Amino acid sequence: MSNDKSGSQRHQFADWVGREDEPPELVPAATVVLLRDAPGGLETLMMRRNSKLSFVGGMWVFPGGRVDDDDYPTANPDDVVAASRAAAVREAAEESNLDVAYNDLVPYSHWVPPTTIPKRFATWFFLAPAPEGAVTVDGGEIKEHAWWRPADTLARHAAEEIDIVPPTFITLMELAEHLTVADALAAARRRADDIPHYATHVALDGKTPVSLWHGDAGYETNDASAEGPRHRLTLSKGGWRFERT
């Protein structure tokens with residue numbers, strides 16, 4: 001990827017700061033982070049979206065998409081978590097041709113984007129062991145796929161070879177701490193009673209976009225210069241920087 005394209009990504013994030021339009025409705029969605037053990041360590045399935053798509057076009061993402069009406073259980077039609085699980089299974093099949101077991105999904109995190117972006121998906125992230133079978137993509141919505149170690153994906157992003165979004169970055173950063181699928185799933189299960197929820201605010205540090213989360217000194221005021229505790233991701237050229245104190 002050229003530097004110009006990566007610069008366009010940062011410009012897109014900067015455009016999310018300070019918009020005063022009526023916030024778009026939040027749409028429930030699901031993402032499944034498929035994991036496999038490899039000789040070099042834990043790998044995740046990454047997929048590149050078609051650059052012509054209006055939402056995160058050209059980005060490398062995990063399989064996922066919006067929750068459909070048919071994903072809600074008949075017995076409990078208001079259970080958005082169960083619906084998100086069903087959506088994660090369905091999207092994995094549609095985008096990768098892999099049959100992920102519903103009960104293998106481990107809730108991992110929940111993400112709400114800034115009110116300033118044009119499309120807003122409230123997304124449950126799940127971890128799951130990758131099932132047997134070859135990954136195939138349709139060449140339409142998804143253009144290509146790869147199995148990469150989290151640290152290698154982050155290195156490609158830092159080198160401006162690929163584009164990702166902040167939830168993907170944070171997830172990969174955390175998964176890079178684990179050597180095996182079993183380790184990653186066990187860690188996710190241990191935080192089942194305290195699953196992280198990220199309601200994102202955005203601000204500028206000079207001309208650099210910053211994603212802010214609860215606990216950051218600038219979170220309530222959208223002020224990246226506020227002194228105090230940090231819980232943020234600074235989208236700097238040449239390498240994003242995560243801080244949490």
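**View 1. Helix 4 lies across three strands of a sheet.** In this predicted model, helix 4 (residues 166–175) lies across strand 10 (208–212), strand 11 and strand 12, and runs at about 110 degrees to strand 11. Helices (H or I, at least four residues) and strands (E, at least two) are DSSP runs, numbered from the N terminus, and the angle is taken between axes, which are lines fitted to C-alpha atoms, for helices over the stretch in contact (heavy atoms within 4.5 Å), on a scale from 0 to 180 degrees between N-to-C directions. Nine of the 10 residues of helix 4 are buried, so this helix is largely enclosed by the rest of the structure; buried means under 20% relative accessible area, exposed over 50%, and partly exposed in between (1.4 Å probe, protein chains only). Among the buried residues of helix 4 are Phe 169, Ile 170 and Leu 172.

**View 2. Four strands form an open antiparallel sheet.** The order of the strands is 9-10-11-12, where two strands pair if DSSP finds at least two bridges between them. Strand 9 (201–205) and strand 12 (241–244) stand at the edges with a single partner strand each, so one side of each has no neighbour in the sheet. On average, and with direction ignored, neighbouring strands of this sheet are turned by 25 degrees against each other. Strand 11 (residues 231–234) pairs with strand 12 in the antiparallel sense over four bridges, and Leu 233 stands opposite Phe 242 in strand 12.

**View 3. The largest nonpolar core has 29 residues.** Such a core is a set of buried Ala, Val, Leu, Ile, Met, Phe, Trp, Tyr and Cys residues joined through side-chain atoms within 4.5 Å. Leu 35, Leu 127 and Ile 164 have the most contacts inside the largest core, to which helix 4 and helix 5 (181–190) are among the elements that each supply at least two residues. A second, separate core of 21 residues includes Leu 45, Ala 92, Val 135 and Trp 147.

**View 4. Arg 49 is buried in strand 2 (residues 41–49).** Arg 49 counts as buried because its relative accessibility is 12%. Beyond residues up to four places away in sequence, Arg 49 touches residues including Phe 55, Met 59 and Glu 141.

**Notes on the model.** Residues are numbered from 1 along each chain as its sequence is written, and side-chain values use heavy atoms, with hydrogens and water left out. Local features need pLDDT (the predictor's confidence in each residue, from 0 to 100) of at least 70, side-chain atom pairs count only at pLDDT 80 or more, and totals for chains, interfaces and linings use all residues.
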